[in-house]
Amino acid sequence: MPKTTDDSIKDFRGVWVYVEHADGKATGVSWELLTPGRHMADALGVELGVMIVGDSGSRLATEAFAYGADIAYIIDGPVFSHYRTEPHMRAVVHLINKYQPEIFLLGATVTGRDLASAIAIEVDTGLTADCTQLGVDVEKRLFEMTRPAFGGNIMATILCEQHRPQMATVRPRVMPMPARQPGRLGRIVREELELKEADIATKILKFFPTESEGVNIAEADIIVTAGRGVGSAENLRMIEELAQATGGVVGASRAVVDLGWISYAHQVGQTGKTVRPRLYIAVGVSGAIQHLVGMQNADTIIAINNDPEAPIFSVASVGIVGDLFEVVPELTRQIKAAREQAAANV
Ligand SMILES: Cc1cc2nc3c(=O)[nH]c(=O)nc-3n(C[C@H](O)[C@H](O)[C@H](O)COP(=O)(O)OP(=O)(O)OC[C@H]3O[C@@H](n4cnc5c(N)ncnc54)[C@H](O)[C@@H]3O)c2cc1C
């Protein structure tokens, strides 16, 4: 990979976030990324930009400004109406080459991962995928991209010293949403890109809706997660009852999914979903690092485990050392009773 010269590196300024959208709606992670984006832009003394490719640009720009962006770069045109790697990559590369951001963030979604790798190759820079923490060395203007490595056993901080932009993808729900400031203003920069349908190798023929299992743990406010400690698929009923009593959904450790007790859609962790609920109840979960990276940003964590040394207690706001077969039914009973009491008082 040819090196970007020290002199040309100095020309790159600004922190950018790619706004991924479909049907006029941005993915949540696009706005979440404005939180670390704003923080780094302020630390570096530069603007926070967003890049919007395709229609709905102006409306999404207004949203982006409300969430903290200073400037929105928009490229629109018929070839960009639905996501395809090639035209979107060309649009982003055009903007990067012209405006030269030093840091560029994308969501680690299916689309974000696809697009980020294509862009990194085209602009000849590095890419750190699936980051869980971001920081910046202001003096050296180096972006510190942290992600699990070696099977999740260590957290590695990766630098991209000799190429620009410094690019990372970040999983949804890892970063908090920024506060919304309606009416906050920013600048819009519109760019044209001559790209015709005939220039693009892929054609969209038809859309097929994806089959959903009806559970979306990534968006849930309350999750009750079953670990191997629950002992059997039948015992998951107890976890479902607790989830129902709290108004939450059922999550699972990988051990539980691998044992075939529940489907992969419920898995929390490095190879499952990253979640950020208000309340996370971990039942019979040991707290392996690969599990913790997927849930440690929950607002409140309650851990139930009969081993006082279980690592899950290191991230728990409330730890209950005890037998889950006693604790869970009692907790469910008390929550139901409290709810019934509250309903009776209305
Ligand atoms: C590359 C890689 C990726 C991985 N990705 C993930 C991932 O995405 N998500 C994930 O979860 N794991 C993942 N893992 C697996 C991870 O390392 C652990 O093996 C797994 O999380 C353990 O699941 P567990 O906590 O349910 O089971 P265990 O580690 O077996 O823990 C069971 C816990 O239940 C407790 N317990 C037992 N009986 C009771 C009882 N009666 N009352 C109360 N407590 C009880 C025990 O004390 C123990 O702490 C990954 C591993 C690798 C190598």
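Q: What makes the link between the side chain of Q267 and the ligand a polar contact?
A: In this predicted model, an N or O atom in the Q267 side chain is 2.9 Å from an oxygen atom of the ligand. The cut-off for a pair of N or O atoms is 3.5 Å. The pair is within it, so this is a polar contact.

Q: What makes H291 and G284 polar contacts of the ligand too?
A: A side-chain N or O atom of H291 is 2.8 Å from a ligand oxygen. For G284, a backbone N or O atom lies 3.0 Å from a ligand oxygen. Both values are within 3.5 Å, so both pairs count.

Q: Which residues are closest to the ligand?
A: They are R228, S253, T271, S286 and N305, among 26 residues that surround the ligand.

Q: Why are helices α7 and α10 called roughly parallel?
A: Their axes cross at roughly 25°. Angles under 35 degrees count as roughly parallel, so α7 and α10 fit that term. Their axes come within 9 Å, and the crossing is left-handed.

Q: Which residues of α7 meet α10?
A: M238, E241, L242, A245 and T246 do. By class, the contact of α7 with α10 has nine nonpolar, two polar and three charged residues.

Q: Why are α5 and α6 called oblique?
A: They pack at an angle of about 50°, with axes 9 Å apart. That angle is neither under 35, nor over 145, nor from 65 to 115 degrees, so the pair is oblique. The crossing of α5 and α6 is right-handed. Residues in the contact include H88 and V92 of α5 and L115 and I119 of α6.

Notes:
Residues are numbered from 1 along each chain as its sequence is written. This is a predicted model: local features need pLDDT of at least 70, side-chain atom pairs count only at pLDDT 80 or more; totals for chains, interfaces and linings use all residues. Side-chain values use heavy atoms; hydrogens and water are left out. Axes are lines fitted to C-alpha atoms, for helices over the stretch in contact, and angles run from 0 to 180 degrees between N-to-C directions. Helices (H or I, at least four residues) and strands (E, at least two) are DSSP runs, numbered from the N terminus. A crossing is left-handed if the near helix is turned anticlockwise from the far one by less than a right angle, and right-handed if clockwise. Contact means heavy atoms within 4.5 Å. Ala, Val, Leu, Ile, Met, Phe, Trp, Tyr, Cys and Pro count as nonpolar, Asp, Glu, Lys and Arg as charged, and the others, Gly among them, as polar. A residue is near a molecule or strand if one of its heavy atoms lies within 4 Å of it. A polar contact is a pair of N or O atoms within 3.5 Å; within protein, one must be able to donate a hydrogen and the other to accept it, and residues adjacent in sequence count only if both atoms are side-chain atoms.
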